[in-house]
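Open the model in your viewer and keep the selection panel at hand. We will go from stop to stop, and each one tells you what to pick and what is there.

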Amino acid sequence: MSAEVSRRTGWKPIPLALKILSVVMVVWALGSAMNLPNLMENGLPVLGIFVFGIGAFLVVLFLDFIGPAIFFYALWNGKPWGVKWAFFYIGLFILNGIVALLTVSDRLGLAQILVPNLVSLLFLAVIFWKRSYFTNAD
């Protein structure tokens with residue numbers, strides 16, 4: 001039997017915690033899509049400055065759609081690099097939140113900065129906790 005045939009892929013072998021995380025990420029992405037016109041008009045903080053229009057669109061596209069899509073690909077196919085990717089792109093969320101807390105919290109408010117950061121930390125904790133799924137995938 002070849003390695004490709006015996007490799008775990010699909011939804012069934014994914015641990016429950018990662019399945020729940022996946023569903024939350026999809027809901028998050030849908031919320032971002034619904035809020036996109038507002039973000040494009042009113043701006044989105046990126047490392048301490050506000051970006052508007054196409055800049056805000058590109059940030060949301062990468063952080064809320066492309067980043068998770070790459071993670072889902074790694075998750076679905078059991079790619080060992082999935083954990084590193086998740087840490088990279090979720091780490092960008094957290095870094096942006098820390099900078100926003102220090103620079104634009106008076107404009108945004110603490111809740112709009114802290115809630116996404118706490119959720120991101122929870123995402124990282126779940127991915128770290130279930131990292132063996134990725135390392136044992138091959």
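Helices and strands here are DSSP runs, of at least four residues for a helix and at least two for a strand, numbered from the N terminus. Keep in mind too that this is a predicted model.

**The whole chain**

Start with a cartoon of everything. You should find seven helices and two strands, in the order α-α-β-β-α-α-α-α-α along the sequence. Turn the C-alpha trace onto its principal axes, and the span is about 60 × 25 × 20 Å. Of the 138 residues in the chain, 38% are buried.

**The strands and the loop between them**

Now select Leu47, which sits in the loop between β1 and β2. Check its backbone angles: phi is positive, about 50°, although Leu47 is not a glycine. Why is that worth a stop? Because most residues other than glycine have a negative phi.

Move on to Ile49, in strand β2, which covers residues 49–51. Is Ile49 buried or exposed? Its relative accessibility is 55%, so Ile49 counts as exposed, the cut-off being over 50%. Next, add Val99 to the selection and draw a C-alpha to C-alpha distance. Ile49 and Val99 are 50 residues apart in sequence, and the distance between them in space is 9.4 Å.

**A nonpolar patch on the surface**

Switch to a surface view and select Ile98, Leu101, Leu102, Leu110, Leu114, Leu118 and Leu121. Together these residues form a nonpolar patch with about 670 Å² of accessible area. Which helices supply at least two residues each? They are α4, running over 82–103, and α6, running over 110–129. The most comes from α6, which gives four residues.

Pick out Leu118 from this group; its place is in helix α6. With a relative accessible area of 56%, Leu118 is exposed.

**The largest pocket**

Next, show the pockets and go to the largest, whose volume is about 660 Å³. It is lined by 27 residues, and to find its centre you can select Leu39, Leu44, Pro45, Gln112 and Pro116, the closest to that point.

Colour by element to see where the lining comes from. At least two residues each are supplied by α2 (16–42), β1 (44–46), α3 (53–77), α4, α5 (105–108) and α6. The largest share belongs to α2, with seven residues. Colour by residue class instead, and the lining of this pocket divides into 15 nonpolar, ten polar and two charged residues.

**The cavity**

For the last stop, clip into the interior. How many cavities of 30 Å³ or more are there? The count comes to one, and the space in this largest cavity is about 90 Å³.

Select its lining as sticks: Met25, Trp28, Ala29, Leu63, Asp64, Pro68, Tyr89, Ile90, Phe93, Ser120 and Phe123. Helices α2, α3, α4 and α6 each contribute at least two of the residues around this cavity. By class, the cavity lining holds nine nonpolar residues, one polar and one charged.

Technical notes. Residues are numbered from 1 along each chain as its sequence is written. This is a predicted model: local features need pLDDT of at least 70, side-chain atom pairs count only at pLDDT 80 or more; totals for chains, interfaces and linings use all residues. Side-chain values use heavy atoms; hydrogens and water are left out. Buried means under 20% relative accessible area, exposed over 50%, partly exposed in between (1.4 Å probe, protein chains only). Patches are made of residues with over 30% relative accessible area and no salt bridge: like charges are joined within 9 Å, nonpolar side chains (Val, Leu, Ile, Met, Phe, Trp, Tyr) within 5 Å. Accessible areas come from the Shrake-Rupley method with a 1.4 Å probe; for residues, only the protein chains shown count as cover. A salt bridge is a side-chain nitrogen of Lys or Arg within 4 Å of a carboxyl oxygen of Asp or Glu. On a 1 Å grid over the protein atoms alone, a cavity is a set of points where a 1.4 Å probe fits but cannot get out, and a pocket is an open set with protein on both sides within 12 Å along at least five of seven lines; lining residues have an atom within 4 Å of a point. Grid points are joined across faces, edges and corners, and a volume is the space filled by probe spheres set on the points. Ala, Val, Leu, Ile, Met, Phe, Trp, Tyr, Cys and Pro count as nonpolar, Asp, Glu, Lys and Arg as charged, and the others, Gly among them, as polar.
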